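Student: Could you take me closely through the positions annotated as active site and their surroundings? I am new to this structure, so please explain the terms as you go.

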Amino acid sequence: MKIVIIDYGAGNIQSIKFALQRLDFEATLTANAEEIRQADKVIFPGVGEASSAMKKLKSTGLDQLIPLLTQPVLGICLGMQLMCLHTEEGNTTGLKIFNTIIKRFSNQVKVPQIGWNQISELESNLFNEIAENEFMYLVHSFYAESCPEMIAQTHYELDYASALRKNNFYGVQFHPEKSSKAGEKILDNFLKLEGRT
Amino acid sequence: MLTKRITPCLDIKNGRTVKGINFLDLRDAGDPVELAEFYAKNGADELVFLDISATEEKRKTLVNLVLQVAEKVNIPFTVGGGISSVKDVDVLLQCGADKVSINSSAVKRPELINELSAKFGNQCVVVAIDAKQIDGEWIVHLVGGKEATKLHLFTWAKEVEKRGAGEILFTSMNHDGTKNGFANEALSRLSQELNIPIIASGGAGTKEHFSAAFKEGKADAALAASVFHFKEIAIPDLKRFLSKEGILVRK
């Protein structure tokens with residue numbers, strides 16, 4: 001199985017590579033359109049700021065490529081947020097894959113949210129053998145509004161979408177690569193998804 | 001709901017754990033990677049590695065260590081000690097560290113916080129503040145409490161938040177090493193005056209101390225070293241205790 005991690009300079013790729021290694025998979029870091037198109041699984045990572053990340057995607061044409069992919073694609077953290085319609089961070093237009101928007105937590109709570117929180121209302125093969133209310137590691141200041149594409153929900157200030165799915169596209173706000181055994185199981189579930197749309 | 005974090009801290013010198021590690025059941029108690037794996041398996045929520053190597057040359061072994069930890073450990077970790085530039089941080093994050101902690105370099109050149117936050121995002125910038133209460137005033141200290149600055153804890157903490165720190169790791173020099181509990185009054189004031197998470201450090205001796213740091217000190221995370229290293233407190237027991245006390249923790 002060919003797994004690629006989309007390379008657009010969005011930090012902390014190493015942790016994802018190591019997590020896959022612990023599951024006995026190797027991943028290639030690439031920005032090459034053909035290599036990404038032909039891969040069996042695509043991971044779209046992201047740590048950092050939305051508008052500069054989107055600029056990098058645009059400068060390489062990846063913003064055009066990603067929404068057209070047909071194999072299972074997993075956006076993680078900022079990767080997931082960039083797959084939505086719009087984010088308040090840097091007033092950035094997203095890739096418009098998921099039909100929801102990204103907003104900032106208010107100052108009623110500490111921002112960023114850092115630490116372990118629960119995922120519930122789980123609704124996808126991505127969460128096979130994952131218990132309702134399992135703990136995941138999250139670190140973020142912006143969140144996805146609840147929407148019909150939500151496949152997991154988390155509460156911090158309000159209920160928000162901590163995972164999304166539309167056809168072959170999956171997005172998670174939490175970091176499965178840093179979320180202990182349960183996180184590794186979610187990555188493993190993703191790698192077991194079959195077929196193209 | 002977001003849970004309170006329990007954070008073991010490992011002091012590293014020349015790539016080895018120091019400070020009386022007492023793990024008889026580990027093959028090599030001085031191996032930080034093995035110790036980190038042990039803590040991760042036992043329910044630690046994150047780890048902090050603090051490099052106390054004396055020279056720049058020896059600090060280079062830290063990068064290797066970070067790579068090894070990232071390879072083996074499946075929970076987040078922070079690296080601190082001697083970090084003073086954007087380049088230092090870039091290397092550590094690329095090797096798999098989740099956050100970096102800066103201390104004296106931030107006091108000497110506060111712009112570093114802005115630079116790191118702009119380049120890597122505030123979520124990975126922890127500013128560590130060591131402070132000592134002298135005649136009622138909390139004064140920021142450097143070099144493990146040896147060198148006093150002119151900065152006051154609360155004004156400095158607000159400044160680092162404004163400059164883009166994502167989290168504050170506050171160590172009370174009055175409490176550190178005493179095992180008499182955390183500086184809950186100062187912690188609680190920090191937590192109320194700031195809008196970023198606060199990690200409590202210095203003074204952990206009993207399970208009750210952790211409970212108080214969360215309840216009275218309103219801390220978001222509590223860090224300790226020797227109580228864990230000497231097995232005075234086992235993390236699973238601590239979490240059961242906190243849970244009974246009504247504190248949300250990851251099980």
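Tutor: What follows covers the annotated positions of one chain, then those of the other and the strand beside them.

This is a predicted model, in which local features need pLDDT of at least 70 and side-chain atom pairs count only at pLDDT 80 or more, while totals for chains, interfaces and linings use all residues. Residues are numbered from 1 along each chain as its sequence is written, chains are lettered from A and ligands numbered from 1 in the order in which they are written, and side-chain values use heavy atoms, with hydrogens and water left out.

In chain A, an unreviewed UniProt entry gives the annotation "active site" to Cys77(A), His175(A) and Glu177(A). They gather at one spot, because no two of their C-alpha atoms are more than 11.1 Å apart although they span 101 residues in sequence. UniProt positions are given in the numbering used here, feature names are shortened, and annotations may be inferred rather than shown by experiment.

Cys77(A) sits in the loop between β4 (73-76) and α5 (78-82) of chain A. Helices (H or I, at least four residues) and strands (E, at least two) are DSSP runs, numbered from the N terminus. With a relative accessible area of 8%, Cys77(A) is buried. Buried means under 20% relative accessible area, exposed over 50%, and partly exposed in between (1.4 Å probe, protein chains only). Beyond residues up to four places away in sequence, Cys77(A) touches several others, among them Gly46(A), Val139(A) and His175(A); contact means heavy atoms within 4.5 Å.

His175(A) belongs to the loop between β13 (169-172) and α6 (180-192) of chain A. This residue, His175(A), is also buried, at 7% relative accessible area. Its contacts, not counting residues up to four places away in sequence, are Val47(A), Ile76(A), Cys77(A), Tyr137(A) and Val139(A).

In chain B, the "active site" annotation, again from an unreviewed UniProt entry, covers Asp11(B) and Asp130(B). Asp11(B) is part of strand β1 (residues 5-13) of chain B and counts as buried at 11% relative accessibility. Asp130(B) lies in strand β6 of chain B and counts as buried at 12% relative accessibility. The side chains of Asp130(B) and Asn103(B) are joined by a polar contact of 3.4 Å. A polar contact is a pair of N or O atoms within 3.5 Å; within protein, one must be able to donate a hydrogen and the other to accept it, and residues adjacent in sequence count only if both atoms are side-chain atoms. Leaving out residues up to four places away in sequence, Asp130(B) touches residues including His141(B), Thr171(B) and Met173(B).

Thr171(B) leads to the neighbouring strand. β6 (residues 125-134) of chain B is joined to β9(B) by six bridges, and the two run parallel; strands pair if DSSP finds at least two bridges between them. Within this pairing, Val126(B) stands opposite Glu167(B) of β9(B). β9(B) also pairs in the parallel sense with strand β10 (residues 198-201) of chain B, over four bridges, and there Thr171(B) has Ser201(B) as its bridge partner.

Six of the six residues of β9 (residues 167-172) of chain B are buried. On one side these are Glu167(B), Leu169(B) and Thr171(B), and on the other Ile168(B), Phe170(B) and Ser172(B).
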